[in-house]
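User: Hey, got a minute to walk me through a model I just opened? I'd like the overall picture and then some of the contacts.

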Amino acid sequence: MDDNLSRLGERQFEDLCRALAIHVLGAGLLVFGDGPDGGREATFDGPVTYPGSMQPWNGYVVLQAKYRRKGVGNNDIRWLSDQVKHEFKTWFAPARQRSRAGRRPEYLIVTTNVRLSSVPGYGKDKIRELMDGYARQLGLKDFALWDGDQLSAYLNVYPNVRASFSHLITPGDVLAKVLDVVGQASDSGSPLITRATGNDLAAVAGAGSAAASRRRTWRLVPVESCSAFELGVHPTLEPAGELPRLPRYIARDHDSTLCAQLRRAAEHGGGSVVVLGDSSTGKSRSLYEACRHVLAGWPILLAEDSDGIRQARAESSQRMVMWLDDTPSPRFLAPGGLTASDIAVWTSNESTDGPTIVIHVLWPAVYQEIAAAPTACIIESRPVPDPWRTARECLGLAKEPALSVSDRITSAERQRASALAAETGDARLHAALDDGHFGFAQHLAGAPQVIDRWKLGQGSQPYGAAVITAAVDLTRLGVQVLSRELLAAAMATYLTDEQFAEAPPGAVDSALQYATAKLRGGVRALHPRRGSQLGEDGGFVLNDYLQQRGELERHYVPVPTALWEVLELQVTDMELLSSLALAADDRGLTEQALPLLLRTYMIDEECSWRLTYLFMLQGREDRLRELSGEGVGAALWGIVWLMISRGRLENLIQQWGDEAVSQDGWYNLAEMLYRRGDEATLRKLMDTGHGEGRFYLVWLLKDQHREVDLESMADAGGQDAQMKLAKLYEEQGRIDEAIGEYDDLIGNGDGDFPDEAARSLAGLLARTGRREELKEWMVQADAESYRIPRMHYAQLLWSEQRVDDLRDLVKADDSRFPELVRFARLLSHLGLVDELRELAEKHPSAARGELHRAFAAAGAEQELRALSRENKSASDTHRHLLEMLARQGREADIRQMAHAGDREARQMLVEVLAREGRSAEIKAMAAAGDPAACRHRQNQFQRPETLLGSFSIKNT
């Protein structure tokens with residue numbers, strides 16, 4: 001339920017946040033009433049299980065509420081940004097009462113009634129990015145943002161809190177209560193039921209019709225009575241004779257590990273279990289059997305979406321298994337879905353009568369995509385779009401590694417299957433064992449039937465095969481539900497001219513009948529979806545095995561150009577249209593992307609940026625000014641970029657600093673002036689109070705060796721100039737003078753300058769081999785728990801290959817991660833593999849990567865392949881294997897792995913092609929939609945020198 005938090009006043013909103021914090025953090029919360037609160041609505045001091053048992057907070061927590069009256073529109077982000085900036089700056093201000101008398105928080109929670117967009121890189125991500133920068137300056141250990149959506153999620157978990165605030169009670173709530181009372185009265189024979197007429201109840205029902213008519217999208221099913229097919233187990237081929245529809249289970253080698261994980265989660269009050277496997281590998285069957293074996297008596301929660309999960313937890317607090325099947329594509333972990341806070345609360349056993357076990361089921365490729373860190377945005381340093389951040393946090397709550405289900409059975413599993421086939425005489429098992437092309441589980445799930453339907457149809461039923469191919473490509477583009485009209489229009493783009501001209505009457509109907517026909521075992525290439533009412537067309541979804549196999553076979557095949565025109569005409573969902581616009585632009589299909597971007601730039605900020613880039617490349621300042629007049633902040637940034645690139649600086653100062661462009665964006669534009677060596681304009685910016693002008697001016701003076709100017713600014717109190725002066729002395733070999741400046745900044749500097757100077761000094765001592773000075777400083781700093789000198793001392797020992805000294809340093813305190821990493825690197829560099837192996841066993845996170853690097857340097861291919869197979873969810877081993885193949889010039893092997901669906905191999909293939917300057921091949925791969933090639937194209941396009949070069953061509 002989405003609560004209208006703006007109906008609350010500021011006082012009530014603060015009370016609501018305190019009440020929820022008591023439930024989330026614990027009863028030890030100290031609440032502050034009206035009056036000066038020192039920037040605190042409430043505080044908590046001590047250990048809490050929030051945000052999860054893996055990384056619980058332990059320290060001084062401050063809660064601060066920010067209430068916006070009738071907050072609507074894009075200005076909500078700006079308002080909240082200003083509020084956050086003000087709060088943090090107040091903590092920094094030494095003259096403020098909060099800083100003088102108050103205790104600085106170790107953890108901070110900011111709550112707001114504003115609902116922030118889940119668009120990757122904006123909304124929630126933008127505020128988190130802002131808070132993250134200030135949090136590091138303030139020295140926070142962690143922070144949290146509870147926006148309107150998050151508060152509503154907590155209210156669903158703690159409905160008693162909602163009931164305490166009358167403004168949050170809806171007509172639907174009243175109706176539910178009335179019907180509950182009426183039902184109780186009817187059961188007890190009370191005359192109350194006779195006094196409530198039908199019209200009376202109808203009036204109440206009319207007031208709460210939206211809530212009352214909401215269809216329940218979840219159900220709890222006892223594990224003993226739950227059908228395997230309800231949990232995603234594929235129907236198998238029809239049995240002969242009286243054999244059951246579902247063959248007897250063949251124990252898998254991973255069953256003991258899976259059962260142990262479920263058992264530990266149940267015994268420890270709840271937890272998360274992650275299971276990975278491609279389509280039709282038996283992962284759902286393994287989970288089904290494991291739950292029946294370990295969790296007898298537990299109910300399984302089956303829901304259609306995240307809202308259904310939240311509704312279920314709001315209405316039932318019993319123990320349960322929460323089955324989150326995010327195959328073939330995420331539903332529950334999709335952007336805007338469940339959050340780590342949701343799952344942490346449910347699995348903490350604090351708000352329930354029994355433990356909750358969350359089971360995540362994902363395809364490996366999706367898991368890798370979620371786990372991968374986003375690539376940086378090179379221009380306009382705004383928050384990097386990270387659509388899977390929340391999903392990554394959810395999966396991170398699992399205490400044990402993800403369990404991978406292989407697409408092939410082992411020799412032991414094959415023996416058990418053969419024995420069962422002989423015992424039961426089940427011909428299905430014999431046929432699956434004899435299938436040398438498809439895997440055992442894939443054969444049982446009907447994979448050969450759907451693939452043959454697609455492949456053989458290309459000769460016997462080209463129109464039906466065209467529909468299936470269109471469905472494969474549309475699903476690749478993110479269109480999950482395929483309407484009849486969309487498939488009919490898309491089919492035509494996959495026909496040859498001859499097939500199109502000779503299409504018989506009713507070709508579309510016969511093609512759809514072919515694609516949706518039931519095959520052996522009830523499988524179909526396209527599955528009809530249930531409509532909202534009887535007889536209504538609900539569209540179609542692609543068979544998940546066909547989706548996965550189709551993605552592999554057509555990964556490097558571009559979709560027909562005409563398909564983009566079909567999508568522009570057929571798709572009405574604006575969120576999907578935004579996604580398609582970005583997909584076309586990622587592929588470099590400017591002609592196809594432009595009309596889609598023009599339809600979506602006002603509802604999707606990333607689309608507004610992409611449209612800005614296109615107009616910038618075309619030199620269309622007129623179009624950018626039109627967009628700017630419509631309130632598109634990206635367009636103003638593009639206008640200023642064009643002004644600088646064209647040398648039109650006369651009106652630059654008047655444009656500078658507009659709030660439509662982020663502060664990072666203005667810094668990025670100031671960097672352009674620095675690259676051009678435009679000292680005069682940078683000085684004008686500095687003189688008019690723009691800090692980015694001064695920031696790049698001192699850089700420019702240092703680069704130009706303007707020692708006198710830097711000394712003048714430093715003498716006037718400019719610590720930034722003093723830092724650059726010390727750097728200049730370093731470059732000139734005047735080491736003692738540089739040390740003097742750094743020492744002065746360490747002792748007398750403000751803000752971040754002492755720490756920056758300390759890091760620079762430690763690095764300088766290490767680079768110049770002043771080992772004894774650095775060692776003496778390290779001993780002094782260790783006493784004050786300051787680790788920077790120790791890190792650089794370890795770096796110096798590494799550079800001098802003093803392995804004995806570095807070993808002694810690590811043994812003295814083996815809890816220091818940076819020193820362990822440098823020791824591991826030195827062992828790898830010296831080829832001391834046995835000692836490195838021992839170190840990796842003791843400190844895997846610090847040394848395992850270097851051990852794998854050593855294997856790669858030694859050409860230990862088989863060992864790397866074995867390690868990669870053992871832990872498919874970890875990419876470092878596989879990355880070293882691919883780097884070794886690349887060094888050996890084995891492009892064909894990398895290409896074969898890439899075509900087989902290996903995500904890391906696809907990335908490595910692009911890197912190999914880029915190193916060899918084969919940009920045309922990368923461009924073709926990007927046009928087909930390969931993510932690695934698309935990222936490479938975007939990064940090349942977004943480089944400042946590339947954009948400037950493009951503008952220079954346009955200007956001439």
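Analyst: Sure, we can go from the whole chain to the sheets, then the salt bridges and a surface patch. One thing up front: this is a predicted model.

User: Fine. How many helices and strands are in the chain?

Analyst: The chain has 52 helices and 13 strands.

User: And how much of the chain is buried?

Analyst: Buried residues account for 50% of its 956 residues. The accessible surface is about 43,400 Å², and 49% of that belongs to carbon and sulfur atoms.

User: What about contacts over long sequence separations?

Analyst: Take the contacts between residues at least 6 apart in sequence: 65% of them join residues at least 24 apart.

User: OK, sheets. What's the strand order in the one with β1?

Analyst: That is an open sheet of 5 strands, ordered β1-β2-β3-β4-β5, and its pairing is mixed. β1 and β5 (142–146) are the edges; each has a single partner strand, so one side of each has no neighbour in the sheet.

User: How do β1 and β2 pair, parallel or antiparallel?

Analyst: Antiparallel: β1 (residues 30–31) and β2 (residues 42–47) pair over 2 bridges. Val31 has Ala42 in β2 as its bridge partner.

User: And over how many bridges do β2 and β3 pair?

Analyst: Over 6 bridges, in the antiparallel sense, with β3 covering residues 58–66. If you want a pair to click on, Thr43 stands opposite Val62 in β3.

User: Which way do side chains point along a strand, by the way?

Analyst: In a regular strand they alternate between the two faces of the sheet.

User: Which strands does helix α1 lie across?

Analyst: Helix α1 (residues 10–25) lies across β1, β2, β3, β4 (107–112) and β5, and its angle to β3 is about 155°. Helix α4 (residues 124–138) lies across β4 and β5, running at about 150° to β5.

User: Now the other sheet, the one with β6. What's the order there?

Analyst: It's an open sheet of 6 strands with mixed pairing, in the order β6-β8-β9-β10-β7-β11. Its edge strands are β6 (218–222) and β11 (403–404), each pairing on one side only.

User: How does β11 run relative to β7?

Analyst: The two run parallel, with 2 bridges joining β7 (residues 271–276) to β11. Val275 has Leu403 in β11 as its bridge partner.

User: And which strands does α12 lie across?

Analyst: Helix α12 (residues 283–294) lies across β7, β9 (320–325) and β10 (356–362), at about 165° to β10.

User: Switching to electrostatics. How many salt bridges are there in the whole structure?

Analyst: A search of the whole structure turns up 65. One of them is Glu14 with Arg18, where the closest N and O atoms are 3.7 Å apart.

User: Where do Glu14 and Arg18 sit relative to each other?

Analyst: They are 4 residues apart in helix α1, which puts about one helical turn between them. Glu14 counts as buried at 13% relative accessibility, and Arg18 also counts as buried, at 7%. The cut-off for buried is under 20%.

User: Got another one within a helix?

Analyst: Yes, Asp307 and Arg310 meet in a salt bridge at 3.8 Å, N to O. They are 3 residues apart in helix α13 (residues 306–315), again separated by about one helical turn. Asp307 is partly exposed with a relative accessible area of 47%, while Arg310 is buried at 12%.

User: And what does the Glu621 and Arg646 pair tie together?

Analyst: Glu621 is in helix α30 (residues 621–629) and Arg646 is in the loop between α31 (633–645) and α32 (652–655), so the pair ties together parts 25 residues apart in sequence. Their side chains meet at 3.4 Å, N to O. Glu621 is buried, with a relative accessible area of 10%, and Arg646 is partly exposed at 28%.

User: Which residues do shared salt-bridge partners join into a network?

Analyst: Arg771, Glu772, Glu800, Arg802 and Asp805 are joined into one network.

User: Last thing: which residues make the nonpolar patch on the surface?

Analyst: Met574, Met602 and Ile603 make a nonpolar surface patch of about 270 Å². Ile603 is in the loop between α28 (590–600) and α29 (605–617).

Key. Residues numbered from 1 in each chain as written. Predicted model: local features only at pLDDT ≥ 70, side-chain atom pairs only at ≥ 80, totals over all residues. Heavy atoms only, no water. Patch = residues over 30% accessible without salt bridge, like charges linked within 9 Å, V, L, I, M, F, W, Y side chains within 5 Å. Areas by Shrake-Rupley, 256 points an atom, 1.4 Å probe, with all protein chains shown as cover. Salt bridge = Lys/Arg side-chain N within 4 Å of Asp/Glu carboxyl O. Pairing = 2+ DSSP bridges. Contact = heavy atoms within 4.5 Å. Axes fitted to C-alpha atoms, helices over the stretch in contact; angles between N-to-C directions. Buried < 20%, exposed > 50% of the residue type's maximum accessible area, 1.4 Å probe, protein only.
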